[in-house]
Amino acid sequence: MGQRIQGTEDLYGGYMRAWQHMQDVARDLFGAYGFDMIETPAIEQVDTFVHGIGESTDVVRKEMFRVFSGALMDRLLESGSESGLKAKQRMAMRPEGTAGVVRAAVEGNFVPQGGAPVKLWYAEPMFRGERPQKGRLRQFHQVGVEWLGAPDPAADAECIIMLMEFYKRLGFDPSKLKLSINSMGDANCRPAYRDKVRQFILDHADEMCEDCIERAEINPLRSFDCKNDHCREVMKAAPLVTDNLCDDCRDHYAKVKQYLDAAGVSYVEDPTLVRGLDYYTRTVFEVEVEGAGVGAIGGGGRYDGLMELEGGKPTPGIGFAVGFERIALALASQGVSLEGAEPSCVYVACTGADERSAAFDATLALRRAGIRTEADYQGRSLKSQFKQADKLHARVCVVLGSDEVAAGVATLRDMSTHEQVQVPIGELVERVQALLA
Ligand code: HAM
């Protein structure tokens with residue numbers, strides 16, 4: 001028998017309701033900010049991620065699940081190399097949502113030259129080949145937003161303000177949330193800063209791990225969040241990006257902070273916050289929950305160069321994504337459940353086979369009126385139908401016995417008070433609606 005893959009989860013019952021609730025909150029809140037929903041394919045060409053996320057990132061180098069059809073796999077195993085494959089044959093499961101949305105925006109020309117910004121949100125599973133542990137899955141769910149075509153620092157601030165409001169609406173105590181922000185500079189000032197950090201790592205090579213020394217050449221900024229404690233200690237003395245920003249980036253960052261201050265959003269400036277994806281420019285941010293032990297519950301930033309990397313015209317972008325599973329865990333650690341109450345229903349009970357067709361008609365009429373309705377399909381006794389009704393959280397039970405059917409009525413039983421009334425069958429729907437109201 002096949003088994004669920006480690007690091008994946010089945011979503012059903014209360015957990016599914018929690019995921020749906022999170023999407024409902026997102027739809028309401030992001031809708032008020034003018035965002036529309038988008039869904040992109042779960043598989044994309046590898047190049048979409050390599051160009052966008054960056055060849056040297058862990059996500060692309062180590063964590064991307066590659067996809068090959070059976071026939072292609074045979075060919076690959078025979079030839080022992082991918083070199084003969086065309087770009088369209090090299091596919092991967094999406095490890096994150098931004099690169100795919102930007103690819104779609106380029107292909108669909110969502111932001112024509114001089115056009116208005118486009119605001120999109122998504123709620124989708126993502127796939128990363130990470131070592132599974134608490135809050136770290138191989139298939140997880142993100143709610144995210146991407147705002148394309150808005151260079152103004154007010155857009156950065158609005159994204160962050162909306163994100164913090166999202167957590168509040170999900171039930172987080174805002175005082176337990178730690179929002180860290182930083183500016184990563186841009187194509188103008190970052191290359192020189194990168195070189196400084198690279199040189200710093202090389203100067204301290206004897207104190208740093210092998211990974212960091214390798215990173216010095218390909219992605220030196222990642223050493224700021226090396227998993228090795230000692231490396232992070234050494235990096236405390238490394239040059240800070242905020243001391244190396246060009247005037248435009250410094251000005252942009254200052255304005256973002258002004259807007260956040262004006263909106264009363266508290267944040268911590270962390271000049272070592274670098275994020276794991278290469279597309280970021282200028283503002284980056286991440287949110288953690290104190291004491292939850294699940295890592296970041298969300299993060300994002302500006303990516304003004306990504307549209308071009310994906311083959312489009314220069315178009316600024318900013319966005320964020322949050323992880324559903326980590327949010328559910330972090331809320332649970334604060335004693336809050338995202339699940340909401342189990343839905344209630346109306347239960348139609350009948351006393352025997354002769355009343356079955358009256359029960360069938362009543363069930364159908366109630367459902368057609370939009371009332372969640374359940375009935376017995378196992379020939380249970382009336383007593384066990386009542387028990388079943390309780391289990392299903394029925395608020396009203398419609399009872400159809402031989403006397404009721406003969407008289408053209410139904411007995412309505414209020415399941416909390418156990419009060420009963422008889423109503424003409426022709427008025428069933430309205431009378432049930434009145435009881436539910
Ligand atoms: P990210 O920081 O890689 O950013 O992921 C966003 C969130 O997804 C994380 O803060 C975390 O809550 C959740 N997450 C990430 N990896 C896992 C995992 N293996 N298991 C469970 N949850 C996970 C992005 O993905 C960017 N695309 C965000 C963005 C949008 N930036 C701009 N626009």
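What follows is a short walk through this structure, from its helices and strands to its ligand. Please keep in mind from the outset that the model is predicted.

Let us start with helix 1, which covers residues 13-32. Its 20 residues should span 28 Å at 1.5 Å a residue, and the C-alpha atoms at its ends are 29 Å apart, which agrees. Now look at which of its residues are hidden. The buried ones are G14, A18, W19, M22, Q23, V25, A26, L29 and F30. Several elements help to cover these buried residues, including strand 5, strand 6, helix 6 (153-170), strand 11 and helix 12 (324-333). Just past the helix, you come to G34, whose phi is positive, near 90°.

Strand 6, one of the elements covering helix 1, makes a good next stop. This strand takes in residues 139-148, and 9 of its 10 residues are buried, so it is largely enclosed by the rest of the structure. Which strands pair with strand 6? Strand 5 (residues 118-127) is joined to strand 6 by 10 bridges, and the two run antiparallel. If you would like a place to look, find L120, which stands opposite E146 in strand 6. Strand 11 (residues 317-323) is also joined to strand 6, here by 7 bridges, and this pair too is antiparallel. Here you can look for G144, whose bridge partner in strand 11 is A321.

Helix 2 (residues 46-53) offers another example of an element tucked away. Of its 8 residues, 6 are buried, so the helix is largely enclosed by the rest of the structure. Those buried residues are V46, T48, F49, V50, G52 and I53. Among the elements that cover them are strand 2 (43-45), helix 3 (58-63), strand 3 (66-67), strand 4 (91-93), helix 5 (98-107) and helix 11 (306-309). After helix 2 comes G54, with a positive phi near 110°.

Next, consider the nonpolar interior. The largest nonpolar core holds 101 residues, and those touching the most other members are F30, V143, F166, Y167, I297 and I327. Helix 6 contributes the most to this core, giving 10 residues. F30 is already familiar as one of the buried residues of helix 1. To see the packing around one core member, choose I297. Setting aside neighbours within four places in sequence, I297 is in contact with Y167, F172, L177, V287, V289, V322, G323, R326, I327 and A330. A second core, separate from this one, has 17 residues, and A359, A375, L400 and A410 are among them.

We can now turn to the ligand. Which residues come nearest to it? There are 28 residues around the ligand, and E96, T98, E130, E146 and Y280 come nearest. E146 is the residue that L120 stands opposite in strand 6. In the side chain of Y280, an N or O atom is 2.6 Å from a nitrogen atom of the ligand. R128 has a polar side-chain atom 2.9 Å from a ligand oxygen atom, and R275 likewise places a polar side-chain atom 2.9 Å from an oxygen atom of the ligand.

R275 deserves a second look for its backbone. Most residues other than glycine have a negative phi. R275 is not a glycine, yet its phi is positive, about 65°. You will find R275 in the loop between strand 8 (268-269) and strand 9 (283-289). Is R275 buried or exposed? Its relative accessibility is 13%, under the 20% limit, so R275 counts as buried.

H393 shows a similar backbone feature, with a positive phi near 60° in a residue other than glycine. H393 sits in the loop between helix 14 (382-391) and strand 14 (394-400). With a relative accessible area of 36%, H393 is partly exposed.

Our last stop is R413, found in strand 15 (residues 409-414). R413 is buried, at 17% relative accessible area. Leaving out residues up to four places away in sequence, R413 touches F386, R395, V396, C397, H418, E419 and Q420. With Q420, there is a polar contact between the two side chains, at 3.0 Å. For a sense of scale, compare the positions of R413 and R66: they are 347 residues apart in sequence, and their C-alpha atoms lie 57 Å apart in space.

Key. Residues are numbered from 1 along each chain as its sequence is written. This is a predicted model: local features need pLDDT of at least 70, side-chain atom pairs count only at pLDDT 80 or more; totals for chains, interfaces and linings use all residues. Side-chain values use heavy atoms; hydrogens and water are left out. Buried means under 20% relative accessible area, exposed over 50%, partly exposed in between (1.4 Å probe, protein chains only). Helices (H or I, at least four residues) and strands (E, at least two) are DSSP runs, numbered from the N terminus. Two strands pair if DSSP finds at least two bridges between them. Contact means heavy atoms within 4.5 Å. A polar contact is a pair of N or O atoms within 3.5 Å; within protein, one must be able to donate a hydrogen and the other to accept it, and residues adjacent in sequence count only if both atoms are side-chain atoms. The expected span of a helix is 1.5 Å times one less than its number of residues. A nonpolar core is a set of buried Ala, Val, Leu, Ile, Met, Phe, Trp, Tyr and Cys residues joined through side-chain atoms within 4.5 Å. A residue is near a molecule or strand if one of its heavy atoms lies within 4 Å of it.
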